[in-house]
Amino acid sequence: MRTPIVAANWKMHKTVGEAVAYFRRLLELVPARPPVELVVFPPATLLLVAQKHLEGSGVAWGAQNAHPEPAGAFTGEVSVPQIADLGARYLICGHSERRHIFGEDDEYIGRKVRAALEGGLVPVLCVGETLEEREAGRAWQVVEGQLATALGGVELPSPERLVIAYEPVWAIGTGVPARPEDAQDMAARIREWLSGRFGRPGREIRIQYGGSVKPENAPEFLTLPDIDGALVGGASLDPDKFWAIAQAAAG
Ligand code: PEP
């Protein structure tokens with residue numbers, strides 16, 4: 001049984017005051033035991049605020065990024081133990097903005113995935129092809145390569161300890177989502193691959209779709225057989241929209 005997981009990636013948005021107002025509103029909407037798993041990924045500056053306001057609620061929190069080393073001379077970085085210390089449960093690894101703007105490659109992303117698992121966090125591994133790669137008929141080849149390198153050497157104690165987010169690069173922040181049939185096709189291939197890699201439990205790993213999900217289009221994605229939730233950027237900045245998307249996953 002794969003519990004849907006709907007996550008809000010705030011990216012580099014919100015101040016302390018804005019975050020507090022968001023959490024207050026979200027907790028007015030979300031019942032103590034929500035029907036789906038809800039996760040908020042604020043910037044690192046707001047993780048302590050998330051802990052203060054969300055602890056004991058039905059909403060979890062996680063970090064958008066971490067360095068793979070547990071400590072050291074890495075000016076400007078934060079580590080998995082520091083994030084875990086703030087009660088975070090999840091870590092985004094391999095978001096396309098980290099890959100394309102900050103030059104992170106699959107090998108480095110794999111180090112983060114392993115660091116997250118070793119440090120008690122659940123990695124949300126983002127994979128996805130560019131438009132050029134899709135048009136060249138290479139979408140699966142690219143995604144398979146990302147999975148194979150980032151998950152090489154990974155030992156998974158249980159399927160809940162990993163989430164995959166399929167996010168076609170051209171759909172992120174553009175207002176142009178993937179076609180639901182393409183998202184389903186890719187999610188099904190990813191599931192097959194995961195079951196080959198991790199055996200039968202691999203089929204239970206949750207797979208999110210991400211890329212211009214909004215309340216209006218959420219049901220098209222969240223009712224697909226191999227899509228177990230969404231990773232949401234822009235629309236998640238509004239707690240009412242985020243909750244509306246989560247409800248589509250529940251329904
Ligand atoms: C994302 O940042 O992962 C994302 C999917 O963004 P958006 O929903 O804005 O496309």
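This tour moves through a predicted model in three stops: a cavity, a strand residue and a loop residue.

The model is predicted, so local features need pLDDT of at least 70 and side-chain atom pairs count only at pLDDT 80 or more, while totals for chains, interfaces and linings use all residues. Residues are numbered from 1 along each chain as its sequence is written, and side-chain values use heavy atoms, with hydrogens and water left out.

**The cavity.** Select Gly-94, His-95, Ser-96, Arg-99, Cys-126, Val-127, Gly-128, Glu-167, Val-169 and Ile-172, which line the largest cavity. A cavity is a set of points, on a 1 Å grid over the protein atoms alone, where a 1.4 Å probe fits but cannot get out; lining residues have an atom within 4 Å of a point. The volume here is about 40 Å³, counted as the space filled by probe spheres set on the points, which are joined across faces, edges and corners. Next, colour α4 (96-100) and β5 (122-127), each of which supplies at least two lining residues; helices (H or I, at least four residues) and strands (E, at least two) are DSSP runs, numbered from the N terminus.

**Asn-9.** Move to strand β1 (residues 5-9), where Asn-9 is placed. Asn-9 is buried (under 20% relative accessible area, 1.4 Å probe, protein chains only), at 5%. Display its side chain together with that of His-95: the two make a polar contact at 3.5 Å (a pair of N or O atoms within 3.5 Å, one able to donate a hydrogen and the other to accept it; residues adjacent in sequence count only if both atoms are side-chain atoms).

**Glu-216.** Finally, select the loop between β7 (206-210) and α9 (218-222), which holds Glu-216. Glu-216 is exposed (over 50%), with a relative accessible area of 62%. Add Ala-248, 32 residues away in sequence and 9.5 Å from Glu-216, C-alpha to C-alpha.

Note on methods:
On a 1 Å grid over the protein atoms alone, a cavity is a set of points where a 1.4 Å probe fits but cannot get out, and a pocket is an open set with protein on both sides within 12 Å along at least five of seven lines; lining residues have an atom within 4 Å of a point.
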